[in-house]
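Trainee: Could you walk me through some features of this model and show me how to read them?
Mentor: Gladly. Let us take them one at a time.

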Amino acid sequence: MGQVTTPSVDRRATVSLISRLRTAEGQRDPFPIYAQLRSRGGVVPAPWGGHLVTGFELCDQTLRSANWLEPDTHWREKQGAHRWNAPSAREISRTLPALNPPEHTRVRRAAGSFDRNTIRRIGRTVHRTVDRLLESLSDQLRDGEADFAALVSEELPVATIGDWLGLPAADWPRLREWTHEQVYTQELLPSASQLARSDAAMAELRSYFLALVRDRRNNLADDPVSEWIRTWDSLEPDQEEADEGVYLLALFVLLAALETTSTLLSLMTLHLVEDPDRWNLVADRPDLVPAFVEETLRFDPPSHVISRVAAMDCTLGGVEVRAEEMVHLMVGAAHRDPAKHPDPDRFDPHRKPAHLAFSGGIHYCLGAPLARLEAQTLLRQLVSRLPRLALVRRPTMAPRVAFRRLLNLDVALA
Ligand code: HEM
């Protein structure tokens, strides 16, 4: 006879799995925990309310359906919890990824996109920056080990987006620090002290970007912020409102572009250096570079959780969900769903995997071409310019569940 479970036993089991996800070991390797979660069903009640979704098809379908919405300002106001109404959470709820149509459609159009010419132009900067960063990595490796995360992964995204937005290089370190701090407000279960850190960082970011918009308005040129000012002026007669729209775009582009891309660069390099065969394979077959990057995005994506709320009462994977209830799409788990990817725990640079690392549907990541450009440029130059590198020790992960971050990536010449 099969094991009989009751709702309270089920709940205790899920609480225990979530607690394990929040430990250092769980953050280093959450995948066995995800497998246990998945074995409990594609849609599992979350201990704090709402549901956790671990099946690939269900996550994909939810992201593409108009029946699922972002937890927007209106939704947040109705939840009394400080977690949704802390100053940093409210500020995030005004940015592009937290909007629903029709407001989302309007702001997404105003944001524009990375067309081929822009990508080609940024590509030259990325190439030069990678050159410079690998030079300093090589210098350091001559004396022994080097922290790839600090020397390369943390530097390339801020140099790329900072140059594109026209932000002075002297500001990059503090922008990067504020970005790391604000991310807690977007975490799965932030603590009160983490929210306070996010609030402080968000206040700094707000002053910085409002001052930037004011300055650009007085010196309009052909940079993206000036372009957004022109676009918003044509949409919004009230100049203060227009400036607020530009501020929110510039703010979110920076937040979206830094940590996620740094994590991708570090994870990609981690998978490269932990297995000599992989390094040799990519060095011999540079045509595999794009597939290697995509497999990294499947195997361990920078964001492991994307949340949505139900627009109406419905069923998801046979489970009833009430209107306004939240579902957490456990993208990190969905990417290892054996129903989607055969032998999902094997890192295989030969597959060209479907993945949800950049989300799906109307909120599909605007910066995906830029993130891919940075990762592919770095990987190509790394294997062609440097002798093989080896991992010195396992990296330490930041205490997060949704947003992965490697605090170090210590490598040495093999
Ligand atoms: C590896 C790097 C990146 C990853 C993994 C990533 C991931 C994501 C994800 C998961 C979303 C959707 C969130 C949701 O559905 O609620 C998103 C949205 C977004 N991303 Fe990225 N991102 C990356 C890099 C970038 C870069 C470099 C930029 C900008 C230059 C960027 C700009 C945006 C914007 C503006 C949105 C909002 C789109 C919308 O809501 O319509 N991202 N990103």
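Mentor: Let us start with a single residue: Ser359 counts as buried, because its relative accessibility is 11% and the cut-off for buried is under 20%. Keep in mind that this is a predicted model.

Trainee: What sign does phi of Ser359 have, and where is the residue found?

Mentor: Phi of Ser359 is positive, near 70°, in a residue other than glycine. Ser359 sits in the loop between helix 18 and helix 19.

Trainee: Glu324 also caught my eye; is Glu324 buried, exposed or partly exposed?

Mentor: Apply the cut-offs again: buried is under 20%, exposed is over 50%, and partly exposed lies in between. Glu324 has 34% relative accessibility and therefore counts as partly exposed. Its phi is about 75°, a positive value although Glu324 is not a glycine. Glu324 belongs to the loop between strand 7 (319-321) and strand 8 (326-330).

Trainee: Since we have reached strand 8, how many of its residues are buried?

Mentor: Five of its five residues are buried, so strand 8 is mostly covered by the under 20% rule. Then look at the two faces of the strand separately. Met326, His328 and Met330 are on one side, Val327 and Leu329 are on the other, and all are buried.

Trainee: Which strands pair with strand 8, and in what sense?

Mentor: Strand 2 (residues 51-53) pairs with strand 8 in the parallel sense, over three bridges. Strand 5 pairs with strand 8 in the antiparallel sense, over five bridges. Leu329 is a handy residue to follow here: Leu329 is the bridge partner of Val53 and also of Ile306.

Trainee: What is the strand order in the open sheet of three strands?

Mentor: The order is 4-10-9, with antiparallel pairing. The edge strands are strand 4 (146-147) and strand 9 (389-391), each of which pairs on one side only.

Trainee: How many bridges join each edge strand to strand 10?

Mentor: Strand 4 and strand 10 (residues 410-413) share two bridges. Ala146 has Val411 as its bridge partner, and Asp147 stands opposite Asp410. Strand 9 is joined to strand 10 by three bridges, and Leu389 stands opposite Leu413.

Trainee: Now the helices. What span should helix 9 have, and how far apart are its end C-alpha atoms?

Mentor: The idea is to compare an expected length with the one in the model. Helix 9 (residues 116-142) has 27 residues, so at 1.5 Å a residue it should span 39 Å; the end C-alpha atoms are 38 Å apart, which agrees. Check the ends too. At the start of helix 9, a side-chain oxygen of Asp115 comes to within 3.2 Å of the backbone nitrogen of Asn117. Just after helix 9, Gly144 has a positive phi of about 135°.

Trainee: And the ligand: which protein atom is a donor of its iron atom?

Mentor: The only protein donor is Cys365, through SG at 2.3 Å. Cys365 lies in the loop between helix 18 (331-334) and helix 19 (368-385).

Trainee: Which residues come nearest to the ligand?

Mentor: Of the 26 residues around the ligand, the nearest are His104, Arg108, Ser359, His363 and Cys365. Ser359, our opening residue, is in that list.

Trainee: How far from oxygen atoms of the ligand are the polar side-chain atoms of Glu70, His104 and Arg108?

Mentor: For Glu70, an N or O atom of the side chain is 2.9 Å from an oxygen atom of the ligand. For His104 the distance is 2.6 Å, and for Arg108 it is 2.7 Å. The elements that give two or more residues to the shell are helix 8 (103-111), helix 15 (239-273), strand 5 (305-310) and helix 19. Helix 15 provides the largest share, six residues.

Trainee: What is the make-up of the shell by class?

Mentor: The shell around the ligand has 17 nonpolar, six polar and three charged residues.

Trainee: One last feature: which residues does the cis peptide bond join?

Mentor: Omega tells you, and here it is about 5° for the bond joining Pro101 and Pro102. Pro102 is placed in the loop between helix 7 (87-92) and helix 8.

Methods. Residues are numbered from 1 along each chain as its sequence is written. This is a predicted model: local features need pLDDT of at least 70, side-chain atom pairs count only at pLDDT 80 or more; totals for chains, interfaces and linings use all residues. Side-chain values use heavy atoms; hydrogens and water are left out. Two strands pair if DSSP finds at least two bridges between them. Helices (H or I, at least four residues) and strands (E, at least two) are DSSP runs, numbered from the N terminus. The expected span of a helix is 1.5 Å times one less than its number of residues. A polar contact is a pair of N or O atoms within 3.5 Å; within protein, one must be able to donate a hydrogen and the other to accept it, and residues adjacent in sequence count only if both atoms are side-chain atoms. Donors are N, O and S atoms within 2.8 Å of the metal (3.2 Å for Na, K and Ca); water is not among the atoms, so sites may look incomplete. A residue is near a molecule or strand if one of its heavy atoms lies within 4 Å of it. Ala, Val, Leu, Ile, Met, Phe, Trp, Tyr, Cys and Pro count as nonpolar, Asp, Glu, Lys and Arg as charged, and the others, Gly among them, as polar. Buried means under 20% relative accessible area, exposed over 50%, partly exposed in between (1.4 Å probe, protein chains only).
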